[in-house]
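Student: Could you take me through one part of this model up close? I'd like to see how its geometry holds up, and then what lies around it.

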Amino acid sequence: MRKPVQYAMKGFAVAAAVTFAWMAIQTFVASEPVTMYDILSPSGVPLAQLLLFTFSGAILSTALYLSDSVGAIESKPQGFFDTLSLVCSRIAMIGVVAIVLVMFYEVVSRYAFNAPTLWANEMSLWIAAFLFMLAGLYAMQQRSHIRIYVIYDIMPRWFQKMADVISVVLIWVFTFTLVWGGYNEAVLKFTRGETFGTAWDPPIPATIKPAILIIMVLVALQALSNLIADWHKEPESHDEIDETEIENIRATLRED
């Protein structure tokens with residue numbers, strides 16, 4: 001499957017770049033250009049629909065392609081939720097690049113052509129919101145959230161397992177209360193398409209609020225998946241610097 005996904009990634013990327021370039025050019029030459037306002041309401045605007053389709057395809061295919069390879073310092077996927085979290089992590093990585101490109105476009109448009117945009121700031125905020133949430137899911141899959149090992153490491157293994165169970169239970173309690181308290185508001189914001197209230201006025205609240213609940217549920221499922229996967233593993237010691245981890249980081253930097 002890697003080759004077909006690679007071909008799809010390249011095809012969608014080229015199509016998205018060409019479509020965006022044409023949209024940018026016709027902004028300066030067309031009498032009625034397609035603008036970023038049309039991206040928010042693409043119905044009846046073929047160029048806007050094509051741009052959304054190609055960009056969505058490029059992001060998804062690139063994320064699938066990149067998730068097939070795991071870095072030297074990354075935990076290898078051990079099940080469906082691990083794979084899903086890795087795909088989401090690649091989308092977050094693409095989001096970093098997207099924010100840079102959006103701001104680069106804004107700077108060039110503002111200072112080279114004296115035509116500042118009304119959408120770059122909101123677009124960056126929109127992408128960054130999803131980026132941070134997906135990064136949290138990835139950190140859970142990689143067991144990279146901050147943990148205090150001073151007491152944990154001196155516990156017997158059965159006590160460590162009990163502590164892990166309590167942690168996962170607390171995550172699930174928090175997730176349940178979050179969904180219970182925020183579900184109706186999220187549905188309301190999504191169904192009425194609540195917008196940001198700015199000049200471009202994107203539906204940031206309508207998309208971010210439901211995404212918070214969905215991604216938090218995925219984090220809870222990933223925490224449970226980690227607990228199951230790590231149940232029979234030998235305890236790890238965190239007293240000294242892990243030389244193997246340092247070598248893995250160096251290997252990753254050499255690959256980059």
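Tutor: Let's start with helix H5, residues 120-141. At 1.5 Å a residue, its 22 residues should span 32 Å, and the end C-alpha atoms sit 31 Å apart, so the two values agree. Bear in mind that this is a predicted model, so what we're checking is the geometry of a prediction.

Now step off the end of the helix. Just after H5 comes arginine 143, with a positive phi of about 55°. That's a positive value in a residue other than glycine. Arginine 143 belongs to the loop between H5 and helix H6 (149-152). Its relative accessible area is 24%, and because the partly exposed class runs from 20% to 50%, that's where it goes.

On the other side of H5, in the loop between H4 and H5, you'll find asparagine 114. Here, too, phi is near 55°, again positive in a residue that isn't glycine. Asparagine 114 has 69% relative accessibility, and since the cut-off for exposed is over 50%, it counts as exposed. So the loop between H4 and H5 holds an exposed residue with positive phi, while the arginine in the loop between H5 and H6 is partly exposed.

What about empty space inside? A search of the whole structure turns up 1 cavity of 30 Å³ or more, and the largest cavity holds about 30 Å³ of space. Its lining is made up of Phe81, Leu84, Ser85, Leu137, Leu218 and Gln222. Two elements, helix H4 (80-111) and helix H8 (204-230), each give two or more residues to that lining. H4 provides the largest share, 3 residues. H5 has a part in it as well: Leu137 is one of the lining residues and falls within the 120-141 stretch of the helix we began with. By type, the lining divides into 4 nonpolar and 2 polar residues, with no charged ones.

How far should you trust all this? The mean pLDDT of the protein chain is 87, and 93% of its residues reach 70 or more. Confidence is highest in H8, at a mean of 94, and H8 is one of the elements that give two or more residues to the cavity lining. The lowest is in helix H9 (residues 243-255), with a mean of 67. Where pLDDT is low, the predicted coordinates shouldn't be read in detail.

Definitions and conventions:
Residues numbered from 1 in each chain as written. Predicted model: local features only at pLDDT ≥ 70, side-chain atom pairs only at ≥ 80, totals over all residues. Heavy atoms only, no water. 1 Å grid on protein atoms, 1.4 Å probe; cavity = no way out; pocket = protein on both sides within 12 Å on 5 of 7 lines; lining within 4 Å. Points joined across faces, edges and corners; volume = space filled by probe spheres on them. Helix = DSSP H or I, 4+ residues; strand = E, 2+ residues; numbered from the N terminus. Nonpolar A, V, L, I, M, F, W, Y, C, P; charged D, E, K, R; others polar. pLDDT = per-residue confidence, 0-100. Expected span 1.5 Å × (residues − 1). Buried < 20%, exposed > 50% of the residue type's maximum accessible area, 1.4 Å probe, protein only.
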